Amino acid sequence: MCGIVAYFGKKPAQSVLIEGLKRLEYRGYDSAGVAFLTNNRFSIYKTAGRISNLEDILPAADPEMTVGIGHTRWATHGEPNTVNAHPHLDYTGKIALVHNGIIENYATLKKWLIKEGCPFTSQTDTEVVANLIGYFYERNHTLDGRNAPANCNRFEWAVQQALQEIYGTYGLAILCSDCPGVLIGVKRGSPLILGVGKNEFILASDAAAIVEHTTQAVYLSDNEMVSVSENGFSTKTISNEAVQSELKAIEISLDQIELEGFDHYMQKEIAEQPKAIETCLNGRIDLKNGRVILGGLQNYWRELPRTKKIILTACGTAWHAGLVGEFLFEQLCRIPSEVEYASEFRYRNPVIDEGTLVIAISQSGETADTLAAVELARERGACVLGIVNVVGSSIARLTDAGVYLRVGPEIGVASTKAFTAQTAVLAMLAIELGRRRHLSSDYASSLLRELTQIPQKISRILEQNEHIRQIAQANADKENWLFLGRGFNYPVALEGALKLKEISYIHAEGLPAAEMKHGPIALITDRMPAVFIAPRCSQYEKLIGNIEEVRARGGRTIVIATEGDEDIRTYADHLITVPAAAEQLLPMLTVVPLQLLAYHAAVLRGHDVDKPRNLAKSVTVE
């Protein structure tokens, strides 16, 4: 959630850190700060609010300051203010660090450190880490009185000792004023990447902050520590065991994270969906033989058809894609399936029998709750697949196998192209698994042909952008909305409501259309727009009845219908059309107008679409 950038090289660190932090703004934050180390002294600048506030208090860049750490904070412990902003110094003034994650035993450690004479100035859990490292560094002995080995680097040793006492998650970038030639990074449960350039290193929580400077990086694994110096870098575990590092190519390019003429990243990413889905499908659908080719699963196809139960686990928008997946697997594969909130999954002793397949879905591949669900599923003996977008992410490395979305970086906090791609991947997986179980080859082939047509059909929907903006303008002042759908479009109703809530700050509720009359119909007035996802499908007539029920009570309707459906026009105060498609594939089409509706409503209400309040792009803390 927070953004970390650290620089060690020959350039002035200030410009690198500020530019890197700006590229991480989409992760969500409420304060920002930087620390520079020169002549064995720290210069620290931090403030609440946006990075622009930080820039206002920074002096002119000093070319002598070539080592520094930066941070954007999303508050967990302590309110968002300047004192609680990172970087944090330890009580000796010799250790400075930035932190992403949560220290679960910080209260116990803080109480002990205060007893040992270590003062605190903030309300954060992070200051506990700084003081604990400072405690070991200053006193040079372990808790049981053993001195540090004579031949060790005392800074590294103090970091390792401190982390042995800490429970929780962290990505850390750490400096010591006595060791200006060393930068340390450590990871557990929170992403951290080391970009390796020519005579320079950039440590960051996201490749977006690195790609302008280098295309080569080391992706740290949990409990790994990297030490950077003028001689290069070395990696080891926090228990001091050597680790062989592997340099990997960064999969994103600089132009992919630029706005390229769009007003907002969300707007750009909605418009990118035809190309994104085309890229996601490219090379994976063999129309000639009516089959799906997913390279990441090639060693599992003998095992997967014997699956007895499928559990899909995810959070937020990815959970909605998982719900579409549940319907797909049950209908096309005839395998009992259920979608679980990852945040609840590991706390309710889930039943994972032999033959259970667990599918974890996450755009970032770093979602803390989903990672924990993956770990539990693996402990219980399940085969675990990952559906993620970010190459080299934690979920991609932890799962047995998986499929990448291949849609490029998604910067907008409100997920759009990731949802359509997750749904596309789940459709491919369900069609191929169904074909290997009982689905006829002709039916599988027809679905695959329709799937290849989805990108150009999304393009046709995007042509209605101005029409949808006008509908948003007519309704953006309404503070309560309903989103209603049936079957495969029920998850779309949930997703449409979430999009409106996330960026427009309008209260919205998504429901199965038939459930409306079991309570929510009491809310219907002419001040509560009801959005119906009602394309031609197996439950079309019932949807018409649901729309009638709303209109009979004075409700205003926004209807998503199939192109050429003139019958439904009389039931709609506002009509948006989508091309016809197989019912199982409709969510990739019907969601697009709802994304645009939410986007335009947010803009009309004057909100910061790409940085909605209180939200972070990747939720890497529980």
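Which residue in β8 is the bridge partner of L172? I looked this up first and found V186. The model I am working from is a predicted one.

**Entry 1: strand β7**

I took β7, residues 170-176, as the starting point. I checked burial along the strand and found seven of the seven residues buried, so β7 is largely enclosed by the rest of the structure. I then split the strand by face. On one side I listed Y170, L172, I174 and C176, and on the other G171, A173 and L175. These residues are all buried, and both faces of β7 are covered.

**Entry 2: neighbours of β7**

I looked at the pairing with β6, residues 95-100, and counted six bridges, with the two strands antiparallel. I noted one bridge by name: I95 has C176 in β7 as its partner.

I went on to β8, residues 183-188, which pairs with β7 in the antiparallel sense over five bridges. The L172 and V186 bridge from my opening question joins these strands. I also traced the connection from β7 to β8, and I recorded a hairpin through six residues.

From β8 I moved to β12, residues 224-229, and found antiparallel pairing over five bridges. Here I noted G185, whose bridge partner in β12 is V226.

**Entry 3: the sheet that holds β7**

I wrote down the strand order as β5-β6-β7-β8-β12-β13-β14. I have this as an open sheet of seven strands with antiparallel pairing. I looked for its edges and found β5 (88-89) and β14 (242-243), each of which pairs on one side only. As a general reminder to myself, strands of a sheet pair through backbone hydrogen bonds, either parallel or antiparallel.

**Entry 4: an eight-strand sheet**

I found an open sheet of eight strands, also with antiparallel pairing. I recorded the order as β3-β2-β4-β1-β10-β9-β11-β15. The edge strands are β3 (41-48) and β15 (248-249), and I saw that each pairs on one side only.

Within this sheet I checked β1 against β10. β1 covers residues 3-8 and β10 covers residues 201-204, and I counted four bridges between them in the antiparallel sense. V5 stands opposite A204 in β10.

**Entry 5: T317**

Is T317 buried or exposed? I found it buried, with a relative accessible area of 8%. I placed T317 in helix α8, residues 317-333. I then listed what T317 touches, leaving out residues up to four places away in sequence: S415, F419, Q422, E495, L498 and K499.

**Entry 6: the whole chain**

I counted 18 helices and 27 strands in the chain. I compared the radius of gyration, 26 Å, with the 25 Å that the globule rule gives for 622 residues; the two are close, so the chain is as compact as a globular protein of that length. Along the principal axes I have the C-alpha trace spanning about 80 × 55 × 45 Å.

I noted that buried residues make up 61% of the 622 residues. For contacts between residues at least 6 apart in sequence, I recorded that 71% join residues at least 24 apart.

For the surface, I noted that the chain exposes about 23,500 Å², of which carbon and sulfur atoms supply 46%. I counted 61 positive and 73 negative side chains, and I put the centres of the two sets 3 Å apart.

Technical notes
Residues numbered from 1 in each chain as written. Predicted model: local features only at pLDDT ≥ 70, side-chain atom pairs only at ≥ 80, totals over all residues. Heavy atoms only, no water. Rg over C-alpha atoms; globule rule 2.2 N^0.38 Å. Buried < 20%, exposed > 50% of the residue type's maximum accessible area, 1.4 Å probe, protein only. Contact = heavy atoms within 4.5 Å. Areas by Shrake-Rupley, 256 points an atom, 1.4 Å probe, with all protein chains shown as cover. Lys, Arg positive; Asp, Glu negative; His and termini not counted. Charge placed at Lys NZ, Arg CZ, Asp CG, Glu CD. Pairing = 2+ DSSP bridges.
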